[in-house]
Amino acid sequence: ESHRFYGVDLTDIEGVGGGLISTLMSEIGTREQLLSSFKTADGFCAWLGLCPCNAISGGKLLSSKTRKIKNNVREALRLAAFGLEKSQSKMGEYCRRMKGRLGKASGITATAHKIARIIYSMIASGQPYKEEIAFKPNRHIEKKQQNQLMKLAQKFGYQLTPTLNTATS
């Protein structure tokens with residue numbers, strides 16, 4: 001049904017099932033209705049109340065909590081994220097990483113936000129879900145991890161020498 005309604009199969013996303021799809025269909029409507037209501041994924045996530053609402057005064061961040069919104073799609077996305085706790089997929093790994101970094105509730109919200117952005121981009125582009133695109137490596141993060149590894153090796157008295165990997169070059 002999701003393919004008929006939105007042009008893509010949303011169940012390819014880890015954690016997305018029939019309950020979330022039926023909630024999306026009943027609350028948002030068809031692909032055309034979604035795209036006419038929300039021009040970007042940012043607007044969609046803001047409507048869901050899954051993005052942080054930063055309170056800034058004088059250039060200082062006072063609060064960055066999400067807004068309390070009663071929304072069935074939001075709750076369905078949070079339930080989908082909650083079910084990823086033991087998943088061995090990249091989405092499950094992301095969920096565990098966010099829960100470890102932000103805390104349990106905020107980690108679930110961050111994962112629900114990621115799922116919502118993926119759903120919106122799939123519907124808007126008409127492209128199927130590809131895990132390697134949704135979790136593409138970030139050069140900045142890789143460089144940071146490399147620097148941390150070098151510092152840790154130096155701390156324990158080891159010297160690392162980088163090797164040239166022809167697959168990534």
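Let's start in the middle. The largest nonpolar core here has 39 residues. Six of them have the most contacts inside that core: Leu10, Leu24, Phe44, Leu77, Ile115 and Ile119. Keep Ile115 in mind.

Which elements give two or more residues to this core? They are α2, residues 18–27, α4, residues 41–48, α5, residues 72–82, and then α6 and α7. The most comes from α7, with 10 residues.

A word on what you are looking at. This is a predicted model.

Now step back to the whole chain. There are 9 helices and 2 strands. Read from the N terminus, the order is α-α-α-α-β-β-α-α-α-α-α. The C-alpha atoms fill a box of roughly 60 × 45 × 30 Å along the principal axes. The chain has 169 residues, and 32% of them count as buried. About 11,200 Å² is exposed, and carbon and sulfur atoms supply 53% of that area.

What about contacts along the sequence? Take the contacts with a separation of 6 or more. Residues 24 or more positions apart account for 54% of these.

Back to Ile115. Which residues does isoleucine 115 touch, leaving aside its neighbours within four places in sequence? The partners are Val16, Leu77, Ala80, Ala81, Leu84 and Met91. Leu77 is another of the residues with the most contacts inside the core.

Met91 takes us to the helix pair. Two packed helices are described by the angle between their axes and the distance between the axes. Here are both values. Helix α6 covers residues 90–102, and helix α7 covers residues 104–125. Their axes come within 7 Å and cross at roughly 140 degrees. The crossing of α6 past α7 is right-handed.

Who makes the contact? On the α6 side: Met91, Tyr94, Cys95, Met98, Lys99 and Leu102. On the α7 side: Lys104, Ser106, Gly107, Ile108, Ala110, Thr111, Lys114, Ile115 and Ile118. So Ile115 turns up again, on the α7 side of this contact. By class, the contact has 9 nonpolar, 3 polar and 3 charged residues.One last residue, serine 89. Serine 89 sits in the loop between α5 and α6. Is serine 89 buried or exposed? Serine 89 counts as buried, because its relative accessibility is 13%, and the cut-off for buried is under 20%. Leaving aside neighbours within four places in sequence, serine 89 is in contact with Glu14 and Glu131.

That's the tour. Questions, please.

Methods: Residues numbered from 1 in each chain as written. Predicted model: local features only at pLDDT ≥ 70, side-chain atom pairs only at ≥ 80, totals over all residues. Heavy atoms only, no water. Axes fitted to C-alpha atoms, helices over the stretch in contact; angles between N-to-C directions. Helix = DSSP H or I, 4+ residues; strand = E, 2+ residues; numbered from the N terminus. Left-handed = near helix turned anticlockwise from the far one by under 90°. Contact = heavy atoms within 4.5 Å. Nonpolar A, V, L, I, M, F, W, Y, C, P; charged D, E, K, R; others polar. Buried < 20%, exposed > 50% of the residue type's maximum accessible area, 1.4 Å probe, protein only. Areas by Shrake-Rupley, 256 points an atom, 1.4 Å probe, with all protein chains shown as cover. Core = buried A, V, L, I, M, F, W, Y, C linked by side-chain atoms within 4.5 Å.
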